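Trainee: I would be grateful for a close look at one part of this model, the place where two helices cross. Please then place that part among the other features of the chain.

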Amino acid sequence: MIPRYVRTSLIALCLLTSGKLIVARPVSATIRYQVSFAHPEQHIFRVEMIIPHPANGTTVALPAWNALYQVRDFSYRVRNVRAIGNVPDNVHYPVRKVDKQTWTVEYPAASAIVETQDMYIDYDIEWDDPGVFSSQLTDKHAFMNLAQILMYVPDRRGEEAIVTFVQKPDQWKVAAELQSTPMTNRPDTFTAPSYDALVDAPVEAGTFDQFKFESGDAHFRVIVDAASWNRRRLEDALRRITAYELHLMGGPPFQEYTFFFHIGPEGAVGQGGMEHANSSAIAAANFDGAVSIAAHEFFHVWNVKRIRPRSLEPVDYTKEQYTRALWFAEGVTDAYCSFTLERTGLWSKKQFYDDLASQIERVQTRPAHQWQSVEESSLDAWYEKYSDYNLPDRSISYYDKGQIVGVMLDLAIRDATDNHKSLDDVFRLMNEQFAKQGKFYDENTDIRAAVEQVAGKSFEDFFRRYVSGVDEIPYDEFLGVAGLELKMDAAYSILEVPHSTDRQHRIREGLLHGSTD
């Protein structure tokens, strides 16, 4: 538990914040969290949640899923949940577990004075899973996906939230892409406008390295946990990636963005990237892997975080949340990862061709591509935690086929407009129509509608056959408009056709350089 002296000082802070002891019950308030690193050897985060103005029968819950489209039931890691009233009374209230992730506190709120008290929820939660999709506390560092650690009040998710990190080793620092609101004796305090905003910001604590840079009218911060790395190379790559994608999408929708990197052998465990509205967490075995993941994750600033399907809003932390749009949100983002790397010179033209060929090979050599559409693969993402589901005769990846569909869409739009428009224009249009308007798109109609508006023709056949359906993609037909051909030898490859026409050359140059005529 959090030591009593810490609890007492937090109460004093709450009273100072409110300015008086007895107040009318507000429409909303600030829910506070305190996370202790006191026992890294046990891998236990000790959490105190302070709920102002609690109602009788207050319910708290821990999300069942986060970071991956998998129900992982983080609540099994929780132990010793207690509910306590204000000091000096320290009254313990009964806590009743309702289901696997929900607890109810029977809190007597019969009087005005009681209604103005705070409720303290204490609990421990154990985490020692490396990688950016989980959380970890060791004697070397802490990495936190806060939705895996912090409970919430289901009907009060929209209230302001404050988190403070305490009892950390003297040499540790704490970084989070949240508003820093340090208090006396509490320097590691951060504020978010809501629970959802709070848990959409990963936290790193330890003896990490960091640097900053400016790009495209935005401020960037880079947090690096690595045994060996080269700042100049990493900063150069990130400057290229951010400058290109910011220019592509018309500027930043944020003031500051933070990259969190775990690079090296430990980064290879749980390797991958996790997007957030104003940050991304990346784990990779080496520099090249880290840069490739960064190009993907940064494009998520728009695709999925702001250009977002209605089916994913609002987030339902209690159960699976199905969407048919992961092929677009993730797979087409993979296409833009490869576009960005090639168009900024971080990849060669051959690397771009080889990467696309490898995606095609992975899809074509999986028997499941004959019956599972890329939309169905998106819906079935929740099966990915089961090893048998990932077998070649059971499923395809919405990443792989989504990337292929994205490139084919780009080529088809260029073909339809004589290289005057591209998939870039689709994203810019959706950014204007949805992201900047605070709206979410209908995955069944709006992606296709945006493509058709840009291309000036129907794409009903394309979406019916290659997105909703399982027709074989005529690769040479699509690639041919750019003077390219697919070779299905022992290893798949994409080659430039000798003696391409002027039109094929223009479209190929547009594909590779992101240009239009």
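Mentor: In this predicted model, helix α4 and helix α6 cross in a right-handed sense. Helix α4 covers residues 231-249 and helix α6 covers residues 326-343; their axes come within 10 Å, and the crossing angle is roughly 115°. On the α4 side, the contact is made by Ile 241, Tyr 244, Glu 245 and Leu 248, and these meet Tyr 336, Thr 340 and Arg 343 of α6. Sorted by class, this contact has four nonpolar residues, one polar residue and two charged residues.

The loop between α5 (287-299) and α6 holds Pro 314. A cis peptide bond links Glu 313 to Pro 314, with omega of about -15°. As a general point, most peptide bonds are trans, and most residues other than glycine have a negative phi. Asp 73 departs from the second of these habits: its phi is positive, about 50°, although Asp 73 is not a glycine. Asp 73 also sits in a loop, here the one between β3 (58-61) and β4 (78-84).

Strand β4 leads on to the sheets. In general, the strands of a sheet pair through backbone hydrogen bonds, either parallel or antiparallel. One open sheet has eight strands in the order β5-β4-β8-β2-β1-β11-β14-β13, and its pairing is mixed. At its edges are β5 (92-93) and β13 (179-180), each of which pairs on one side only. The neighbour of β13 is β14 (residues 189-192); the two strands run antiparallel and are joined by two bridges. Within this pair, Ser 180 has Phe 190 of β14 as its bridge partner.

Another open sheet has four strands in the order β9-β10-β15-β12, with antiparallel pairing. Its edge strands are β9 (136-137) and β12 (173-176), and each pairs on one side only. Two bridges connect β9 with β10, and Leu 137 stands opposite Ala 142 in β10.

Strands β10 and β15 also take part in a pocket. The second largest pocket encloses about 450 Å³ of space. It is lined by 26 residues, and those closest to its centre are Lys 140, His 141, Asp 225, Ala 226 and Glu 266. Two or more lining residues come from each of β10 (141-144), β15 (203-206), β17 (218-226) and β18 (256-263). By class, the lining has ten nonpolar, ten polar and six charged residues.

Terms used. Residues numbered from 1 in each chain as written. Predicted model: local features only at pLDDT ≥ 70, side-chain atom pairs only at ≥ 80, totals over all residues. Heavy atoms only, no water. Pairing = 2+ DSSP bridges. Axes fitted to C-alpha atoms, helices over the stretch in contact; angles between N-to-C directions. Left-handed = near helix turned anticlockwise from the far one by under 90°. Contact = heavy atoms within 4.5 Å. Nonpolar A, V, L, I, M, F, W, Y, C, P; charged D, E, K, R; others polar. 1 Å grid on protein atoms, 1.4 Å probe; cavity = no way out; pocket = protein on both sides within 12 Å on 5 of 7 lines; lining within 4 Å. Points joined across faces, edges and corners; volume = space filled by probe spheres on them.
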